[in-house]
Amino acid sequence: MAYQLRDKLAQHRFTIRNIAAIVALILVLGWLGQRLYIWYVVNVPLGPQRTVSTHNPKIGVHTRLTDEVEPWKIKRSLEMVREMGAPWIVEYFPWAYAEPSPGRYDWRHHDLVINHATRQGLTVIARLGFVPEWARPAETTPLYLDEAQFPAFAAFAAEFAKRYAGKVHYVILWNEPNLSLEWGYQPVDPQKYVAMLRAVYPAIKAANPDVQVLAGALAPTLAPPGSPDGMNDLAYLQAMYDGGAAAYFDILAIHAYGWYSEPDEPPAPDVVNFRRAELLRQVMVDNGDGAKSAMITEGGWNDHPRWTRAVRPGQRIQYTIRAYELAQESWPWLDAVCFWAFRYPWDAKSYQDYFTFVSGDFEPKPIYLEVQRYAQE
Amino acid sequence: MRKNDHPATSMPNQLMQRFQPYRWLLLTLLLLLGLVITWFFMPPGVARLFRRDLTWQTLQANGVWRVGMDPSFPPFEWLDDSGKPVGYDVALAQQIADRWGVQVEIVAIGFDSLGDAVRTGRIDSVLSAFPYDERLTRDIAYSAPYFDAGIVLATSVGSPIQSVDDLSGRQVAVEWGSMGDMVGRRLQREGIPLQLAQFDTPDNAVSALVETQSVDALLIDQVTLRVAQVQGAPLVAAGPVLESNSYVIAMPVNAHELQEAVAQALETLRGDGTLVALERAWFGRTKERVSATDP
């Protein structure tokens with residue numbers, strides 16, 4: 001029986017060889033086609049060098065390209081930022097994405113964003129954070145960073161600064177460290193944050209002395225003393241100065257949300273409004289740090305129909321433009337106003353969608369067109 | 001004859017002989033494996049025939065339907081002066097529960113936590129002007145929409161404007177910055193030469209058409225339109241929804257009997273006119289509520 005089988009196989013050997021060759025050819029062509037497709041998708045042309053046309057050079061937005069996968073969408077987002085008349089963007093560059101294992105870097109996504117942004121003539125303020133799994137204990141969030149890992153974070157920040165020399169001139173270290181949520185659900189600790197600055201700042205400067213380091217990025221909050229959720233931003237900033245932070249940052253990053261009040265509403269320590277930025281500035285001045293500038297790296301208004309901190313859509317437009325104007329006319333100590341958030345990769349189906357300037361499918365919202373009109377006036 | 005040519009001693013037969021004593025065991029194992037594979041990979045439609053819906057069974061056993069909502073969004077849901085949840089969604093939940101012969105238990109939850117609450121089984125359903133989210137369909141099942149709060153073109157009764165194609169050269173009122181404004185600007189970009197008249201509030205846009213007739217049409221959300229209609233404004237929607245914003249009932253993804261029961265109930269309520277009656281009953285009360293809370 002086995003011999004009969006062998007004979008039959010021998011008879012069809014030529015046919016089997018042909019079939020195998022055809023299958024192999026199909027596989028090779030399929031693989032080549034796939035590579036070609038990937039090359040085509042990944043290599044969206046950067047296009048010619050552009051410049052931003054605007055009459056207010058402080059206009060900016062916080063883009064949200066971290067989880068945007070498709071290169072053409074990254075490019076389109078940044079084109080639309082330029083076309084709106086905003087020369088500044090803040091973008092998040094997660095440490096975990098760039099260094100998935102110690103010392104092994106994958107810069108592809110960061111390259112994509114930075115190359116397209118700079119080609120559009122945008123100035124990138126890079127927000128660094130998001131701890132890789134290998135740099136934190138199990139069962140902690142990516143916002144948890146032990147002091148033992150400050151050198152590892154410093155090494156990443158230095159690599160980042162070196163790699164993007166000439167392209168990225170500003171980096172923000174961490175985000176809203178005065179909130180427990182953003183501090184890995186630990187009790188907030190200004191001194192530990194200062195210790196982080198002390199570790200990371202010199203490493204960045206050694207790698208690229210031209211980079212300006214932003215610190216703070218504090219959440220505006222009226223949390224009472226001892227709150228497990230966070231610390232009042234004014235108190236936190238003062239505690240930073242008390243801990244010697246002044247020597248370890250160049251620019252203060254400010255978060256300035258207006259909630260339901262107009263941008264001209266006077267500031268007060270017990271009120272969260274847009275001009276709370278002036279109180280943070282005063283803390284800088286009081287601590288002899290008035291020569292430094294500040295940047296608003298998050299902020300703005302929301303027009304969700306059911307969120308309690310929202311305003312009407314028309315008010316959002318008025319307030320946003322007025323805030324850009326206020327910064328330009330009255331705040332010489334402020335370099336940029338980057339409002340949250342230009343566009344999300346997908347609709348959040350919550351109040352968050354009503355912070356955006358452009359819908360997920362790139363349809364410009366009226367606020368986008370009105371800011372564009374203001375910028376081109 | 002060579003040894004291996006004998007059928008009784010060929011390879012397959014040797015194998016069969018070796019496993020002969022275990023054939024029933026092997027068959028049983030194969031059958032079990034097949035059942036396991038079928039159980040986990042059967043299509044949802046087939047799975048429903050075999051799997052029990054614990055959410056529905058518990059609901060039936062307790063006689064209570066736990067409905068999550070954020071009671072802060074009139075006319076769909078809010079708290080009356082005594083702190084009791086009222087509104088269109090509350091009434092709709094009651095209508096559905098009545099058809100099932102169970103009580104409704106309203107569970108107040110912040111809007112952004114409603115999805116998690118249904119996923120974790122804290123509640124049986126969400127009924128809270130809740131939008132459909134295509135990203136969450138692996139975790140949450142959604143009913144068909146019971147209301148679309150999206151943007152429509154609205155005109156006066158008897159207007160010659162029947163659709164956006166008739167807007168050439170017309171004045172169209174919108175709330176400045178709203179979705180209606182966005183749709184109006186989109187229509188302009190698409191080549192329809194309409195003129196947008198922007199107002200601070202949707203009510204002022206409605207007044208421009210109904211009271212002063214200074215515009216020809218409106219681009220407004222369906223809630224504003226319904227409220228105006230219930231209050232007597234002679235307005236109609238012209239054409240389809242231009243920017244959809246559907247409200248749905250969200251349920252656990254495995255609660256197939258509950259999903260079926262909700263689908264049937266909504267169909268019945270739509271067919272017998274109850275949904276329209278609920279709109280009339282509740283959408284006209286928005287302004288009452290707003291004025292009552294004004295300082």
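**Exercise 1. Find which strands of chain B helix 9 lies across, and place them in their sheet.**

Step 1. Start with the helix: residues 222-230 of chain B form helix 9, which lies across strand 9, strand 12 (217-221) and strand 13 of chain B. Helix 9 of chain B runs at about 115° to strand 12 of chain B. Keep in mind throughout that this is a predicted model.

Step 2. Now look at the sheet. It is open, has 5 strands in chain B, and follows the order 11-10-12-9-13 with mixed pairing. Strand 11 (195-199) and strand 13 (235-237) of chain B each have a single partner strand, so these edge strands are left without a neighbour on one side. On average, and ignoring direction, neighbouring strands of this sheet are turned by 35° against each other.

Step 3. Zoom in on one edge. Strand 13 of chain B pairs with strand 9 (residues 151-156) of chain B in the antiparallel sense, over 3 bridges. To check this by eye, pick Ala154(B): its bridge partner in strand 13 of chain B is Ala237(B).

**Exercise 2. Describe the barrel of chain A and two helices that go with its strands.**

Step 1. Follow the strands: 8 of them close into a barrel in chain A, ordered 1-2-3-4-5-6-7-8, and the pairing is parallel. Here the average turn between neighbouring strands is 30°, direction ignored.

Step 2. Choose a pair to inspect. Strand 6 (residues 251-257) and strand 7 (residues 293-300) of chain A pair in the parallel sense over 7 bridges. Within this pair, Gly300(A) of strand 7 has Tyr257(A) standing opposite.

Step 3. Add the helices. Helix 6 (residues 150-163) of chain A packs on the sheet and touches strand 2 (88-94), strand 3 (123-129) and strand 4 (168-173) of chain A, making about 160° with the direction of strand 3. Helix 8 (residues 233-242) of chain A lies across strand 5 (212-218) and strand 6, at about 140° to strand 5 of chain A.

**Exercise 3. Locate two cis peptide bonds and a residue with positive phi.**

Step 1. In chain A, go to the bond from Trp340(A) to Ala341(A), which is cis with omega near -10°. Ala341(A) sits in the loop between strand 8 (334-340) and helix 11 of chain A.

Step 2. Look at Lys349(A), which is found in the loop between strand 8 and helix 11 of chain A. Lys349(A) is not a glycine, yet its phi is positive, near 60°.

Step 3. In chain B, Pro74(B) and Pro75(B) are joined by a cis peptide bond with omega about 5°. Pro75(B) belongs to the loop between strand 2 (72-73) and strand 3 (77-79) of chain B.

**Exercise 4. Work out how chain A and chain B meet.**

Step 1. Count the residues: chain A brings 22 to the contact and chain B brings 27.

Step 2. Turn to the area. About 2200 Å² is buried between the chains, and carbon and sulfur atoms give 55% of that. On the side of chain A, Arg306(A), Lys349(A) and Glu363(A) lose the most area, together 33% of what that side buries.

Step 3. List the polar links. There are 5 salt bridges between the chains; in one, the side chain of Arg306(A) meets that of Glu77(B) at 3.6 Å, N to O. Across the interface, 9 residue pairs are in polar contact.

Step 4. Assign the surface of chain A that touches chain B. Helix 10 (313-330) and helix 11 (366-376) of chain A each supply at least two of its residues, and helix 10 gives the largest share, 4 residues. By class, that side has 11 nonpolar, 3 polar and 8 charged residues.

Technical notes: Residues are numbered from 1 along each chain as its sequence is written. Chains are lettered from A and ligands numbered from 1 in the order in which they are written. This is a predicted model: local features need pLDDT of at least 70, side-chain atom pairs count only at pLDDT 80 or more; totals for chains, interfaces and linings use all residues. Side-chain values use heavy atoms; hydrogens and water are left out. Buried area is the accessible area (1.4 Å probe) that two parts lose on being put together, summed over both. A salt bridge is a side-chain nitrogen of Lys or Arg within 4 Å of a carboxyl oxygen of Asp or Glu. A polar contact is a pair of N or O atoms within 3.5 Å; within protein, one must be able to donate a hydrogen and the other to accept it, and residues adjacent in sequence count only if both atoms are side-chain atoms. Ala, Val, Leu, Ile, Met, Phe, Trp, Tyr, Cys and Pro count as nonpolar, Asp, Glu, Lys and Arg as charged, and the others, Gly among them, as polar. Two strands pair if DSSP finds at least two bridges between them. Axes are lines fitted to C-alpha atoms, for helices over the stretch in contact, and angles run from 0 to 180 degrees between N-to-C directions. Contact means heavy atoms within 4.5 Å.
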